[in-house]
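Please examine the structure displayed below together with its sequence. The report that follows describes a pocket, several charged pairs, a surface patch and some features of the backbone.

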Amino acid sequence: MDGFKLEKFPGAKPAYQQIMEFFEKQIKSGRMKPGQKLPAERDLAGDLHTARGTVKKAYEELVRRRLIEAAPGRGSFVAPERTSPAESRKDKALRLIDELIDELARLKFSAHDIRIFFDLRLLGREDDLQNLNVAAVDCNPETLSIIERQFQIIPRVNMAKFLVDDLLEDPQGAERLQNFDLVLTTTTHFGEVLERFPGLKAKLVQVAMAPTRNSIIALARLTPSQKIGVVCESRRFLEIVLDHLKAFDVPGSAVAPLFWSELDRLGAFIAGLDAVIIPAGYSLQRDREHLAALQEFTERGGTIIPFDYQIERGSLLNVEERLRTLLDEGPRSL
C-alpha cells in the first residue's frame, strides 16, 4: 500500500473516504493496472487497524464509480479501461454532493445547517437577485446578529437590523422600513409589529427561531451542581438562555450573568465558573488579559458554550417563496 496510513487526528476525513481516495488516485494515475487485484477486505482492515466494514464501504464506492469490479468468491479487481466516461453526469453530481456533505458533517454542521446552506446559496444564484434589501426586527441584538449571519451566504442581499422597541416607539418607524423589500421579524413580535405598522403587511414575514441541536446538547450536559455563567449583550437574551436551562433543571438563580458592557470584568467573572454560555458568533478575546484568562479557564476544565439559534425549516421555505415572488414581479422601484 506504499506506506498508506489512515489519518486519525480530529477533523480528519472519514476512514472509508481516505481508503477510497487512495485507490482512486492509484487507478487514475496508472499505478494500478486494469485487472490488478485489490487487497482482501479482511487483510486491508488488519493492515490499517480499522473495521472490515470500513474497507467494504470504500470498495462499494469504488464499484459505484466503476473504478473496480467485485467478483464473488475471487475478490475485487481494477476495472478494464473504458472508452466511455467512467460515470454518468448524474452519478458524478451525486458523488460530488456526497463528498460535500461528508466534508460539512466533518466540520460538525448538522443536516439542518447543510439544508440551509444549500437553500440560501441556490437562491443567491438567481440571476435577477440584485440589491435585495431585507430588514430584520427583534427584541435583542444577539438574535438579530444570528439572523444576519444566516443570510450572509446569499450574495447581493443587504440586511439591516432593528430593535423592535426602537421601531415601535419611533413616530417615523413605518418610514424607516418602507424602502425594504422584506421585513423579517420573529414569531414572538410579528403580531405587535403588524398592529403598529399595518401598511407593512405585504412585506412582513414572520420567522420561527429555535436553538441548534448542538446548543441543546451542550446545555443538556450541564448539571445544577455546576457553576454557570452567561455573557450576553441584552437582558432579553439572558432570559431566553435561562428559560432553556430550566428545562434541564438548572435554576436561573444558579446562573451568574455578565453583560457585554461589563466585559472588562471577564477574568474575575469566569475565575470561579465551570461553564460559560455566550451568543454564537461573539468572541470574548478582546485583549491579551482576556485571552490569558480564557486559556486558564479552559486549561482547568472550563467549558465555553456558544448558544446558537437557527431559522426553522418551514420559516426558511416561506422566506424563499417570498424572495422568489419578488423576482417574478420584476424590477422594483424603491
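By class, the residues that line the largest pocket comprise 14 nonpolar, eight polar and six charged ones. The model under discussion is a predicted one. The volume of this largest pocket is about 530 Å³. Its lining consists of 28 residues, and those closest to the centre of the pocket are Phe109, Asp113, Thr212, Asn214 and Asp308.

Which elements each supply at least two residues of this lining? They are the helices α5 (111-124), α6 and α10 (213-220), together with the strands β11 and β12. Of the contributors, α10 gives the most to the lining, with five residues.

**A salt bridge at a pocket residue**

Asp308, one of the residues closest to the centre of the largest pocket, also takes part in a salt bridge. The side chain of Asp308 meets that of Arg149, with a distance of 2.9 Å from N to O. The two partners belong to distant parts of the chain, being 159 residues apart: Arg149 lies in helix α6 (residues 141-151), whereas Asp308 lies in the loop between β11 (303-307) and β12 (309-311). Is Asp308 buried or exposed? Asp308 has a relative accessible area of 18% and is therefore buried, since buried means under 20%. Arg149, with a relative accessible area of 32%, is partly exposed.

**Salt bridges around Glu99**

Side chains of opposite charge can pair when their charged atoms come close. In this structure there are 14 salt bridges. Glu99 takes part in a salt bridge with Arg65 and in another with Arg95. The table sets out these pairs beside the one already described.

| Salt bridge | Distance between N and O |
|---|---|
| Arg65 and Glu99 | 2.9 Å |
| Glu99 and Arg95 | 3.2 Å |
| Arg149 and Asp308 | 2.9 Å |

What does the salt bridge between Arg65 and Glu99, with its closest N and O atoms 2.9 Å apart, tie together? Arg65 lies in the loop between α3 (52-64) and β1 (68-71) and Glu99 lies in helix α4, so the pair ties together parts that are 34 residues apart in sequence. The salt bridge between Glu99 and Arg95 has both partners in helix α4, where they are four residues apart, about one turn of the helix.

The accessibility of these residues may also be compared with the cut-offs. Arg65 has a relative accessible area of 4% and Arg95 one of 9%, so both count as buried, the limit being under 20%. Glu99 is partly exposed, with a relative accessible area of 23%.

**A nonpolar patch on the surface**

Helix α4 also carries Ile101; the helix spans residues 89-106. Ile101, together with Leu94 and Ile97, makes a nonpolar surface patch of about 220 Å². The relative accessible area of Ile101 is 33%, and this residue is therefore partly exposed.

**Residues with positive phi**

Most residues other than glycine have a negative phi, and most peptide bonds are trans. Which value does phi take in Arg66? The phi of Arg66 is near 65 degrees, a positive value in a residue other than glycine. Arg66 is found in the loop between α3 and β1, and Arg66 counts as partly exposed at 38% relative accessibility.

Asp249 likewise has a positive phi near 65 degrees without being glycine. The loop that holds Asp249 runs between α11 (235-246) and β9 (255-259). At 60% relative accessibility, Asp249 counts as exposed.

**Distances between residues**

Two further residues give examples of distances between C-alpha atoms. Phe77 belongs to strand β2 (residues 75-78) and counts as buried at 17% relative accessibility. The C-alpha atoms of Phe77 and Pro39 are separated by 9.1 Å, and these residues are 38 residues apart along the chain.

Ile116 is located in helix α5, and with a relative accessible area of 4% Ile116 is buried. How far apart are the C-alpha atoms of Ile116 and Phe297? They are separated by 34 Å, while the two residues are 181 residues apart along the chain.

Definitions and conventions
Residues are numbered from 1 along each chain as its sequence is written. This is a predicted model: local features need pLDDT of at least 70, side-chain atom pairs count only at pLDDT 80 or more; totals for chains, interfaces and linings use all residues. Side-chain values use heavy atoms; hydrogens and water are left out. Patches are made of residues with over 30% relative accessible area and no salt bridge: like charges are joined within 9 Å, nonpolar side chains (Val, Leu, Ile, Met, Phe, Trp, Tyr) within 5 Å. Accessible areas come from the Shrake-Rupley method with a 1.4 Å probe; for residues, only the protein chains shown count as cover. A salt bridge is a side-chain nitrogen of Lys or Arg within 4 Å of a carboxyl oxygen of Asp or Glu. Buried means under 20% relative accessible area, exposed over 50%, partly exposed in between (1.4 Å probe, protein chains only). On a 1 Å grid over the protein atoms alone, a cavity is a set of points where a 1.4 Å probe fits but cannot get out, and a pocket is an open set with protein on both sides within 12 Å along at least five of seven lines; lining residues have an atom within 4 Å of a point. Grid points are joined across faces, edges and corners, and a volume is the space filled by probe spheres set on the points. Ala, Val, Leu, Ile, Met, Phe, Trp, Tyr, Cys and Pro count as nonpolar, Asp, Glu, Lys and Arg as charged, and the others, Gly among them, as polar.
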